[in-house]
Amino acid sequence: MKVSPTFITITRDTRFMKSFKITALAAALAFTALAASAQQAAAPWKYKTQRLARAEVDALLAQSGGVLVLDVRRPDELIKYGSFPVFLSIQNRDIEKQLAWLPRDRRILTVSNHAQRAGAVGDLLASKGYQVAGATGSEDYEKEGGTAVSHIQPPAPRAAASAVAP
C-alpha cells in the first residue's frame, strides 16, 4: 500500500499474489488430506467382526499354523503399505468368487489399510460359515508399534527387448 496525502492506492505485486495463491492451495490440500485421514481413522466401527489391536494381532500371528492372513487390498496398496510376512491376497471385490480357496478349518485374520474393508470382508466370511479371528489395518498396526508388517519392494522394470535382426 502506498499512502499519499490525498488518497490511498493499493498496488498489486503479481509475484506476491502468485506465491500467495500457491501457498493457499498447498495449505488447502494439506488440510484436506489431514481431514480425510482423521475422518478415516475416526470412522465408526460398524462391523460384527472384531477390530483387533496390535497386541491381539501379534498373539494371533504367534500361533503356528492356526491363522490364515487374508489381505483384501489391491496390489499397489500391498507394495505401498506392506503386509504381514505370509498372507493370501484376494482383492475385496473378488472375495465371493474366490471362496473355494479359503480353508474352513482355520481362523482367518482379514487385513486392509485401516481395517474398514477387512471388517466388511470378515462379516461376509462369517455369514458364509468361515471362522473369522478378526480384522486389522496394516497402517494402524504399524502406528501402534507393530513390527510384523513387511514392506514389499516392487519388481525392477524389465529391460527393453533388444532389436531382432532380420
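This tour moves from the sheet and its helices to the salt bridges, naming at each stop what to select and what is there.

The model is predicted, so local features are given only where pLDDT is at least 70 and side-chain atom pairs only at pLDDT 80 or more, whereas totals for chains, interfaces and linings use all residues. Residues are numbered from 1 along each chain as its sequence is written, and side-chain values use heavy atoms, with hydrogens and water left out.

**The sheet**

Begin by selecting the strands β4, β3, β5 and β6, which in that order make up an open sheet of four strands with parallel pairing; two strands pair if DSSP finds at least two bridges between them, and helices (H or I, at least four residues) and strands (E, at least two) are DSSP runs numbered from the N terminus. The edges of the sheet are β4 and β6, each of which pairs on one side only. Inside the sheet, select β3 (residues 67–71), which runs parallel to β5 and is joined to β5 by five bridges; for one residue pair to display, take leucine 70, whose bridge partner in β5 is threonine 110.

**Helices on the sheet**

Next add α2, which packs on the sheet and touches β3, β5 and β6, its direction making about 135° with that of β5. Then add α4, which lies across β3, β5 and β6 and runs at about 150° to β5. Contact here means heavy atoms within 4.5 Å, while the axes are lines fitted to C-alpha atoms, for helices over the stretch in contact, with angles running from 0 to 180 degrees between N-to-C directions.

**Glutamate 77 and its network**

Now turn to the salt bridges (a side-chain nitrogen of Lys or Arg within 4 Å of a carboxyl oxygen of Asp or Glu), of which a search of the whole structure finds nine. Select arginine 117 and glutamate 77, whose closest N and O atoms are 2.8 Å apart in a salt bridge. This pair links distant parts of the chain, with arginine 117 in helix α4 (residues 116–127) and glutamate 77 in helix α3 (residues 75–81), 40 residues apart.

Glutamate 77 counts as buried at 6% relative accessibility, and arginine 117 as partly exposed at 26%; buried means under 20% relative accessible area, exposed over 50%, and partly exposed in between, with a 1.4 Å probe and protein chains only. Extend the selection to asparagine 113, whose side chain makes a polar contact with that of glutamate 77 at 2.8 Å. A polar contact is a pair of N or O atoms within 3.5 Å; within protein, one must be able to donate a hydrogen and the other to accept it, and residues adjacent in sequence count only if both atoms are side-chain atoms. Leaving aside neighbours within four places in sequence, glutamate 77 is in contact with Gly82, Asn113 and Arg117.

**Two further salt bridges**

Select arginine 51 and aspartate 140, which form a salt bridge with their closest N and O atoms 3.2 Å apart. Because arginine 51 lies in the loop between α1 (14–41) and α2 (54–62) and aspartate 140 in helix α5 (residues 138–143), the pair ties together parts that are 89 residues apart in sequence. Arginine 51 is partly exposed, with a relative accessible area of 29%, whereas aspartate 140 is buried at 15%.

Finish with glutamate 96 and lysine 128, whose side chains meet in a salt bridge at 3.9 Å, N to O. Glutamate 96 is exposed, with a relative accessible area of 52%, and lysine 128 is partly exposed at 38%.
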